[in-house]
Amino acid sequence: MAGVKMNIEVHENEINKQRQFMHKVKSMNELQGKQLFGYVDTYGCQQNESDSEKLRGMLTEMGYKITGDENKADIAILNTCAIRENAENRVLGNTGALIHTKKANRKQLIVFCGCLAGVPETVEKIKNSYHHVGLVFPPNNLWRFPELLHRSLTGKKRVFETECEETKIAEGIPLHRDGTIKAWLPVMYGCDNFCSYCIVPYVRGRERSRKRNAIIEEAETLVKSGYKDITLLGQNVNSYNDGETDFPSLIRMINDIEGDFLIRFMTSHPKDASLELFKAMAESEKAAKHIHLPFQAGSNRILKLMNRGYTQESYLEKITTARKLMPNIVITSDVIVGYPGETEDEFNETLKLVEKAQFDAMFTFIYSKRPGTAAAKQSDSLTREEKQVMFERLMDLQNEISDRKHEAYTGKEILVLVDGEAPGEEYPLKARTNGGRLVHLTGDPKQTGKFTKVKITHSNNWSLFGEVLHD
């Protein structure tokens, strides 16, 4: 197939080598004669959540018990996000705070991994100013965690394994999933888009897709294990292509698996949101009728500067096509406010696009300068205060649209998946509609994990409220 990249898989011998290191670490831990604990703090996207499941899986294999208390942990891992400056500041603040847990437990190993561990400027900060951090590695070295951990535990020096010669796909890594209803299922890694504001291709590498058989096998296992909500993951998930199967075909194949479950996916790039993708969603009864399709800006000039690969006109055409095939589809999006050089008139084009698109919900961010990206070199004429005013105008518009969209659910009886309990006596359950809308529910916790018919009683701009209907 044209445009397919040659994917490099980690050889089975290398995976076996990591299993040997797991065994060595476990044996070392058993000699201590007490239970050791591992803590994983996750920041950022769903892919990071999935990576943390692998970290917890490997920790469990090495004899650690997972804890949610960093003070109790013998290993404290921060799986970090580099997408925005605020996220980085929060991560670094929490990393600094761990100096207190390290003082209380001198043997505690603090691990700094994830996307920020792939940013040279951040790695230098950790090396020079966060001396209590003992192990640092980026996402592409995650599969080597047992080896790196063993080196940290047996050596006297801090370990910085921040170079990765090539991007690989590692199969057979143990997982520790937190829930029993919703599951992340990565289908591809990395990104080839190089949007001018985004650091992801630099820290997660180029696109590579897992083989379809491995994905189908994992999906079948999830369904047999009782998972009801399976989200296919990728930095640009709809560009999946293993050389034999593209993303629409993959959706159809997973849809053919016997069982009662929903297929979701994120995040999609508009340039790869094809007619075939929308047809696959429409024709696959298990595919959730929801797409998260970030448009980022309404101005064609800004979109070109962002290197997004589409225009506002082509984006709106895709929205129209999706709604023709799936009239009830829920469409959500992302937008960046105050991209370098954006004018008032260009921001108004963003407002017009939002008015035309009528998103169910939207995630809005003020532009954040990321070192190493093309946008970081562009001049920025707007002040933070001006950007904040633009941000609030956009939020006011979207909130009005979301309020109206959600109000239309009131009085309707719909099928939802009850996916957990919630704090509070009035609405003790939380659920998701087929389109991914959050529903706060009255009802019995025994409904958790079931597809249940509910009646929507009222709403706000972010969620719905309802009651479980009884036969």
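In strand β4, Leu109 is the bridge partner of Ile75. That pair belongs to a set of six bridges between β3 (residues 75-80) and β4 (residues 109-114), two strands that run parallel. Strands here are DSSP runs of E with at least two residues, helices are runs of H or I with at least four, and both are numbered from the N terminus; two strands pair if DSSP finds at least two bridges between them. This is a predicted model, in which local features need pLDDT of at least 70, side-chain atom pairs count only at pLDDT 80 or more, and totals for chains, interfaces and linings use all residues. Residues are numbered from 1 along each chain as its sequence is written, and side-chain values use heavy atoms, with hydrogens and water left out.

Step back from β3 and β4 and you will find an open sheet of six strands, in the order β2-β1-β3-β4-β5-β6, with parallel pairing. Its edges are β2 (64-66) and β6 (159-160); each has a single partner strand, so one side of each is left without a neighbour in the sheet.

Now for some helices. Helix α5 (residues 120-129) holds Lys125, which counts as partly exposed because its relative accessibility is 40%. For this term, buried means under 20% relative accessible area, exposed means over 50%, and partly exposed is in between, using a 1.4 Å probe and protein chains only. Beyond its neighbours within four places in sequence, Lys125 is in contact (heavy atoms within 4.5 Å) with Glu88, Leu92 and Tyr130. Asp69 is 56 residues from Lys125 in sequence, and their C-alpha atoms are 25 Å apart. Helix α6 (residues 145-154) is mostly covered, with seven of its 10 residues buried; among them are Phe145, Glu147 and His150.

Next comes a stretch with a less usual backbone. Most residues other than glycine have a negative phi, and most peptide bonds are trans. Met266 and Thr267, however, are joined by a cis peptide bond, with omega about 0 degrees. Thr267 lies in the loop between β11 (262-266) and α10. Gln296 has a phi near 70 degrees, a positive value in a residue other than glycine. You can find Gln296 in the loop between β12 and α11 (300-306), and its relative accessible area of 8% is why it counts as buried. Asn307 also has a positive phi, of about 60 degrees, although it is not a glycine. The loop between α11 and α12 (312-325) is home to Asn307, which is partly exposed because its relative accessibility is 41%.

What does a buried lysine do for partners here? Lys286, in the loop between α10 (275-283) and β12 (290-292), is buried yet has no salt bridge, and the nearest side chain of opposite charge, Glu285, is 4.7 Å away. Lys and Arg count as positive and Asp and Glu as negative, while His and the chain ends are not counted; a salt bridge needs a side-chain nitrogen of Lys or Arg within 4 Å of a carboxyl oxygen of Asp or Glu. A polar atom of the Lys286 side chain does lie 2.4 Å from the backbone oxygen of Ile257. Not counting residues up to four places away in sequence, Lys286 touches seven residues' worth of surroundings including Asn255, Ile257, Phe261 and Ile263.A second open sheet has three strands in the order β12-β13-β14, with parallel pairing. At its edges stand β12 and β14 (361-366), each with a single partner strand, so one side of each is left without a neighbour in the sheet. The twist averages 10 degrees from one strand to the next, where axes are lines fitted to C-alpha atoms, for helices over the stretch in contact, and angles run from 0 to 180 degrees between N-to-C directions. Strand β13 (residues 330-337) pairs with β14 in the parallel sense over six bridges, and Val337 has Ile366 of β14 as its bridge partner. Helix α14 (residues 384-407) packs on the sheet and touches β13 and β14, its direction making about 175 degrees with that of β14.

Finally, visit strand β19 (residues 463-468): five of its six residues are buried, so the rest of the structure largely encloses it. β19 pairs with β17 (residues 438-442) in the parallel sense over five bridges, and with β18 (residues 451-459) in the antiparallel sense over five bridges. β18 and β19 form a hairpin with three residues between them.

Definitions and conventions:
A polar contact is a pair of N or O atoms within 3.5 Å; within protein, one must be able to donate a hydrogen and the other to accept it, and residues adjacent in sequence count only if both atoms are side-chain atoms.
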